[in-house]
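Me: I'd like to go through this model with you and ask what stands behind each label. Could you set the values against the definitions as we go?

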2 protein chains.
Amino acid sequence: MSEGITVFTDGASVGGGGGPGGWGVVVVRGGTERSLSGHEPETTNQRMEILAAIKALESVRGFEGEITVYSDSSYLVNCLRRRWYVKWLAEGWTNSKKQPVANRDLWERLLAAISDAERTGASVEFRKVRGHTKATHERARGNRLADSLAVAAKKEAIKRFGAS
Amino acid sequence: MSEGITVFTDGASVGGGGGPGGWGVVVVRGGTERSLSGHEPETTNQRMEILAAIKALESVRGFEGEITVYSDSSYLVNCLRRRWYVKWLAEGWTNSKKQPVANRDLWERLLAAISDAERTGASVEFRKVRGHTKATHERARGNRLADSLAVAAKKEAIKRFGAS
RNA sequence: GGACACCAAUUAAU
DNA sequence: ATTAATTGGTGTCC
């Protein structure tokens, strides 16, 4: 029987606004855990949250089964669960204020990654987790791990590219 | 030639949140040092930091020359250096979260004190110092002195008005 | 108006 | 070293 994959993602950036940032991903499959992370010289917290999800899906490409992605970003999770993107696609990538949707490049990559996964036999579900919880259940632990990776990656970015 | 004035300010309060608190100011002018302090029965650390700066400027009223105010409060220093107050004034004293700006009464007194000093021929500059440093340079020493005064004043407040 | 993140600093408590 | 309280900022959407 095909066990599903559980993924935890998180992003971090200096100042929340423009600056160095990092992302972290923890992939749990069966009893094993894999983690990835990366950084960027100039980004935002939101971009890192989206990029983490993209990297997560790209890292499990070809998997046939259920993929559950946990994130503490309502920005990311609501886009998928509440299907904001449907409206964005229909309206030519403008939001409810008629402004261009931010981070369109990453949203498009993410939607493509999801489509790709589903085309090859996976199902993808996004779920919200509370960030910064002291709880001990797996979701909380996974989120903390992803957070650690993101923060470490962000620090690496600061070291390489200079602080804000 | 007119030597500048250097001022060190600090505030302290019980619990960081509401409680008794105190402030301390050290004024260095030429070779001489003057210090002031005071306390309040119910205040916050932030209010004490602002009040210390107000008291400092009021204590050198009429001075014509450069006044440098050192504080370890980024709350205080950022407001002045990053000109948060310009936005607050323009937006009717609401912050970026559309909430009323906290401690408006003290900010207004401080801005008035600065205007007053500049109107009478002084220039005022705020600078950040790291708090609780063991360094030996003058800024660190001044900050420690101001800190001692603030803490002593806070203790006096506790004695007079009861602990938290 | 609502929501979730990201970040900064200070102050304290043990 | 960790937990908790205050203040401030930006990123984004509905």
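Reply: Happy to, starting with one term: a polar contact is a pair of N or O atoms within 3.5 Å; within protein, one must be able to donate a hydrogen and the other to accept it, and residues adjacent in sequence count only if both atoms are side-chain atoms. This is a predicted model, in which local features need pLDDT of at least 70 and side-chain atom pairs count only at pLDDT 80 or more, while totals for chains, interfaces and linings use all residues. Residues are numbered from 1 along each chain as its sequence is written, chains are lettered from A and ligands numbered from 1 in the order in which they are written, and side-chain values use heavy atoms, with hydrogens and water left out.

Me: What makes the pair between A:Gly15 and DNA strand D a polar contact?

Reply: A polar backbone atom of A:Gly15 and a base nitrogen of DNA strand D are 2.9 Å apart. The limit is 3.5 Å, so the pair counts. A:Gly16 also takes part, with a polar backbone atom 3.4 Å from a sugar or linking oxygen of the strand. For A:Asn45, a polar side-chain atom lies 3.5 Å from a sugar or linking oxygen of DNA strand D.

Me: Which residues come nearest to DNA strand D?

Reply: A residue is near a strand if one of its heavy atoms lies within 4 Å of it. Of the 24 residues around DNA strand D, A:Gly15, A:Thr44, A:Gln46, A:Asn103 and B:Gln46 come nearest. Sugar and phosphate make up 78% of the strand's atoms that come within 4 Å of the protein. By class, this surface has nine nonpolar, 12 polar and three charged residues. Here Ala, Val, Leu, Ile, Met, Phe, Trp, Tyr, Cys and Pro count as nonpolar, Asp, Glu, Lys and Arg as charged, and the others, Gly among them, as polar.

Me: And which residues come nearest to RNA strand C?

Reply: There are 31 residues around RNA strand C, and A:Ser13, A:Glu49, A:Asp72, A:His132 and B:His132 come nearest. Sugar and phosphate account for 89% of the RNA atoms within 4 Å of the protein. The residues of this surface divide into two nonpolar, 17 polar and 12 charged. A polar side-chain atom of B:Ser74 lies 2.9 Å from a sugar or linking oxygen of RNA strand C, and an N or O atom in the side chain of A:Lys128 is 3.2 Å from a sugar or linking oxygen of the strand.

Me: Why is helix α2 of chain A described as largely enclosed?

Reply: Helices (H or I, at least four residues) and strands (E, at least two) are DSSP runs, numbered from the N terminus. Buried means under 20% relative accessible area, exposed over 50%, partly exposed in between (1.4 Å probe, protein chains only). Six of the eight residues of α2(A), residues 74-81, are buried, so the helix is largely enclosed by the rest of the structure. Those six are A:Tyr75, A:Leu76, A:Val77, A:Asn78, A:Cys79 and A:Leu80. They pack against β1, α1, β4, α3, α4 and β5 of chain A.

Me: What makes A:Arg81 partly exposed?

Reply: A:Arg81 lies in helix α2 of chain A, and its relative accessible area of 49% makes it partly exposed. Contact means heavy atoms within 4.5 Å. Leaving aside neighbours within four places in sequence, A:Arg81 is in contact with A:Glu125, A:Phe126 and A:Arg127. Its side chain makes a polar contact with the side chain of A:Glu125 at 3.3 Å.

Me: Is B:Ser73 buried or exposed?

Reply: B:Ser73 has 6% relative accessibility, so it counts as buried. The residue sits in the loop between β4 and α2 of chain B. Its side chain reaches the backbone nitrogen of B:Leu76 at 3.0 Å. Beyond neighbours within four places in sequence, B:Ser73 is in contact with B:Gln46, B:Glu49 and B:Lys128.

Me: How do you know that chain A is as compact as a globular protein of that length?

Reply: Chain A has five helices and five strands. Its radius of gyration is 16 Å, close to the 15 Å that the globule rule gives for 164 residues, so chain A is as compact as a globular protein of that length. The radius is taken over C-alpha atoms, and the rule is 2.2 Å times the number of residues to the power 0.38.
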